[in-house]
Amino acid sequence: MAGCAGQGSGGGGDETNADGKIVLDFWNGFTGPDGPALEQVIADFNASQDEVEVKANIMPWDTLYQKVLTSVAGNDGPDIVAMSATRMPQFADEGLFIPLDDYYEDPDNDTEALATAAVEASMYDGNNYGVPVNYATMMMFYNKDLFSAAGLDPEAPPTTWDEFAAMVPQLSVDENGDGKPEQYAIALADHETVPIFPSLLWGTGGGIVSEDGTTSMLGDPESIEALDFWVSLVREQRAAPVGLNGADADKLFQTGKAAIEIVGPWMTTGFDEAGLNYGLAKPFAGPAEDAVLADVVSMGLPANTSDEKKEAAYKFFAYWNSPEGQITWANGSGFPPTRADVADQVTESPYPAIFGAPEVADSARVLMPGVAAGGPILETVFTPALQKALNGEGSVEDIFTEASTQVQAELDK
Amino acid sequence: MTSTSVAPAPPTVAAPVHRRRLRANGRRTMTAWLFLLPALIILLAFTLYPMGQAVYLSLTDYNLIRSAEWVGLANYEELMQDPAFWNAFGNTVLYALVVTPVTVVFALLFALMLNQRFAGRAFSRTAIFLPFIVSLGIIAIAWAFLLDPNIGLLSYWLSLIGIAPEQGWLTDPRYAMAAVMIVGVWKNVGFYMVIYLAGLQSIPVDMYEAARLDGAGPWQRFRSITLPLLSNQTLLVSVLALIATLQAFDQIWVMTRGGPFFRTETLVMLIYREGFQELRFGYASAISFVLLVFVFILSMIQFGFLRRKQVTY
């Protein structure tokens with residue numbers, strides 16, 4: 001049995017390949033159009049030196065989260081794991097990752113140049129457990145043709161919640177009068193998606209948990225105000241269908257059945273290929289704040305990583321976040337680079353500049369950074385409560401006041 | 001009789017014969033054990049050992065990475081007060097109580113219909129059996145498409161007759177459970193139908209002829225001959241179907257992920273969520289053990305109840 005343990009999938013053993021290079025198995029979930037860009041950077045890195053070889057193992061994020069723990073426990077896991085920085089604290093808390101603070105302390109790694117939000121996203125309990133792969137802000141995509149058809153100016157997307165609410169009656173179309181619109185003002189998903197709905201709580205100064213991650217804010221008047229606004233827009237004005245997941249929302253916008261969607265840069269390729277005439281803008285601001293949701297994917301090293309592999313992985317991390325690595329990545333994927341100092345060198349794709357524009361980056365916020373219970377809170381408390389409210393099973397205030405005690409219970413665990 | 005000449009065999013001779021027979025018996029027993037060995041090893045390695053391990057883990061706090069920490073009955077105590085557990089328990093019982101009898105009744109009806117001779121019989125049999133052999137993932141995805149509120153064919157047809165669900169059947173809390181139940185029945189009914197078909201064909205035809213000569217009508221023949229003589233199949237089918245429904249997971253997982261807001265979350269899905277998503281393998285093991293005991297008790301009751309009605313012929 002011992003003889004075959006090291007074969008194939010990397011594992012805990014310090015295997016080298018035929019050329020004497022250390023092989024690193026890199027698990028990630030870039031299954032979309034961003035996958036080839038990732039592979040390109042890895043290929044460039046492998047060609048740039050003769051000590052380390054990185055092999056990308058691309059699988060859906062779902063599968064990755066399911067497999068990573070069992071495979072690391074079985075000593076047969078990845079050498080480098082990428083995951084949403086929001087999920088990292090939970091795994092760090094369980095002892096899956098080792099702290100990477102010494103990476104940030106080494107001046108050779110040039111980590112000063114990285115976007116602060118991208119670095120801080122993977123902090124947990126005073127240590128940093130990840131090095132950023134990407135840094136994505138969620139922008140407002142709007143369908144210019146649908147705006148024109150509704151008699152609205154296709155170059156003037158809504159900039160505030162109230163402006164948006166005023167446009168809802170025009171952007172929602174019920175052709176046959178059956179009470180079910182054929183076209184919705186916005187595709188706003190409530191489950192299995194990047195957490196757009198939760199981030200809307202910031203607009204009034206509310207949120208799910210306090211900034212220090214110790215107190216639930218879900219029952220605060222500001223949070224209830226934001227939820228009331230959005231739930232009633234969906235329920236009473238039919239601004240969006242109820243029960244959408246992320247893929248449904250993308251589909252709705254892509255097929256011209258929704259005028260607006262708030263989503264990340266990875267959808268640009270798909271919408272371009274669908275021939276959609278769309279514009280990009282900073283999402284409409286709430287009455288109190290104009291926070292923009294940012295999602296960071298970070299790379300971590302499993303608990304059983306040897307010093308030798310750690311050193312090899314650090315070389316790859318440094319290359320990934322180097323100017324040349326980031327220019328290739330941003331050009332190929334449409335993501336803004338993790339470092340602002342190369343922004344003007346990203347010229348092949350217009351999107352990195354838009355998603356990484358200073359006024360967007362300045363408003364960027366990560367959802368529940370450093371909260372170990374962040375994943376469970378989102379999936380087992382917030383999302384079910386939201387679905388209840390959207391289905392009219394109680395008042396927004398009652399539902400979220402109760403959910404708030406559950407959030408607090410998760411935080412106190 | 002020749003026996004008198006054989007009977008007075010001296011004891012000195014009988015002893016080795018006896019010993020030889022013993023040795024032969026022992027050898028036969030050994031052979032039996034050897035034949036059983038592979039099955040026993042598999043049973044031990046893949047059923048009994050994991051079962052014991054699960055019981056042990058249910059008494060610990062364990063996340064796969066750190067070593068298990070003994071917590072005694074704490075997981076079970078938490079379980080009893082956990083609304084998520086009772087919600088999943090309620091959903092599982094509801095699902096099993098509806099899907100099991102409906103599946104059994106439909107399996108019997110289809111078997112009776114498809115036991116007749118008519119054009120298209122083979123096609124109908126295949127059509128009903130087919131869902132059982134298709135991968136569950138594919139079936140669940142296909143149904144999710146059919147029921148999709150925007151692009152779903154079934155949703156479209158239903159809208160033509162005035163039933164227009166604004167949100168998907170699977171995301172509407174009023175219909176989600178019913179939708180996964182219907183697919184659950186549809187998926188498995190063919191398998192149980194085949195068991196019933198086999199049973200129907202083993203009933204001697206002359207019994208029906210005799211009954212007909214005695215003036216028994218179709219309903220009477222069904223009540224007095226078919227149903228009693230199928231009781232073995234009914235026992236098998238009901239026990240199998242009940243156990244399967246109590247363990248419902250994959251199809252519902254792909255179709256709804258337990259949503260909306262846990263309306264369709266079953267016990268096995270909760271086990272999966274607690275274990276692989278919340279990384280609480282001790283707690284998940286405690287739920288598994290409770291489910292195991294529950295399935296065992298229900299199966300025993302069912303067995304005891306239906307066995308009294310069993311017939312042999």
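Two strands count as paired when DSSP finds at least two bridges between them. With that in hand, the sheet in chain A of this predicted model is easy to read: 4 strands make up an open sheet, in the order β8-β9-β7-β10, and their pairing is mixed. At the edges sit β8 (184-187) and β10 (278-281) of chain A, each of which has a partner on one side only. Going from one strand to the next, the twist averages 20°.

In general, strands of a sheet pair through backbone hydrogen bonds, and they can do so in parallel or antiparallel fashion. For β8(A) and strand β9 (residues 258-263) of chain A, the arrangement is parallel, with 3 bridges joining the two. Y184(A), for instance, is found opposite A258(A) in β9(A).

Helices also meet these strands. Helix α7 (residues 161-171) of chain A lies across β8 and β9 of chain A, and runs at about 120° to β8(A). Then there is α10(A), which packs on the sheet and touches β7 (139-143), β8, β9 and β10 of chain A. The direction of α10(A) makes about 135° with that of β9(A).

Helix α10 turns up again when it comes to charged side chains. K251(A) and D148(B) meet in a salt bridge, at 3.7 Å from N to O. K251(A) lies in helix α10 (residues 246-254) of chain A, while D148(B) is in the loop between α6 (136-146) and α7 (153-160) of chain B, so this pair joins two chains. How accessible are the two partners? K251(A) is partly exposed, at 31% relative accessible area, whereas D148(B) is buried, because its 9% is under the 20% cut-off.

A second salt bridge between chains links R263(B) and E393(A), whose closest N and O atoms are 2.9 Å apart. Here R263(B) comes from the loop between α12 (250-256) and α13 (267-277) of chain B, and E393(A) from the loop between α16 and α17 (396-412) of chain A. R263(B) is partly exposed at 31% relative accessibility, and E393(A) is partly exposed too, with a value of 31%. Elsewhere, D110(A), R339(A) and D341(A) are joined into one network by salt bridges that share partners.

Over all chains, the count comes to 18 salt bridges. One of them pairs R87(A) with E379(A), with 3.7 Å between the closest N and O atoms. This one ties together distant parts of the chain: R87(A) is in the loop between β3 (80-84) and α3 (88-93) of chain A, E379(A) is in helix α16 (residues 374-390) of chain A, and the two are 292 residues apart. R87(A) is buried, at 15%, while E379(A) is partly exposed, at 39%.

How values were computed
Residues are numbered from 1 along each chain as its sequence is written. Chains are lettered from A and ligands numbered from 1 in the order in which they are written. This is a predicted model: local features need pLDDT of at least 70, side-chain atom pairs count only at pLDDT 80 or more; totals for chains, interfaces and linings use all residues. Side-chain values use heavy atoms; hydrogens and water are left out. A salt bridge is a side-chain nitrogen of Lys or Arg within 4 Å of a carboxyl oxygen of Asp or Glu. Buried means under 20% relative accessible area, exposed over 50%, partly exposed in between (1.4 Å probe, protein chains only). Axes are lines fitted to C-alpha atoms, for helices over the stretch in contact, and angles run from 0 to 180 degrees between N-to-C directions. Contact means heavy atoms within 4.5 Å.
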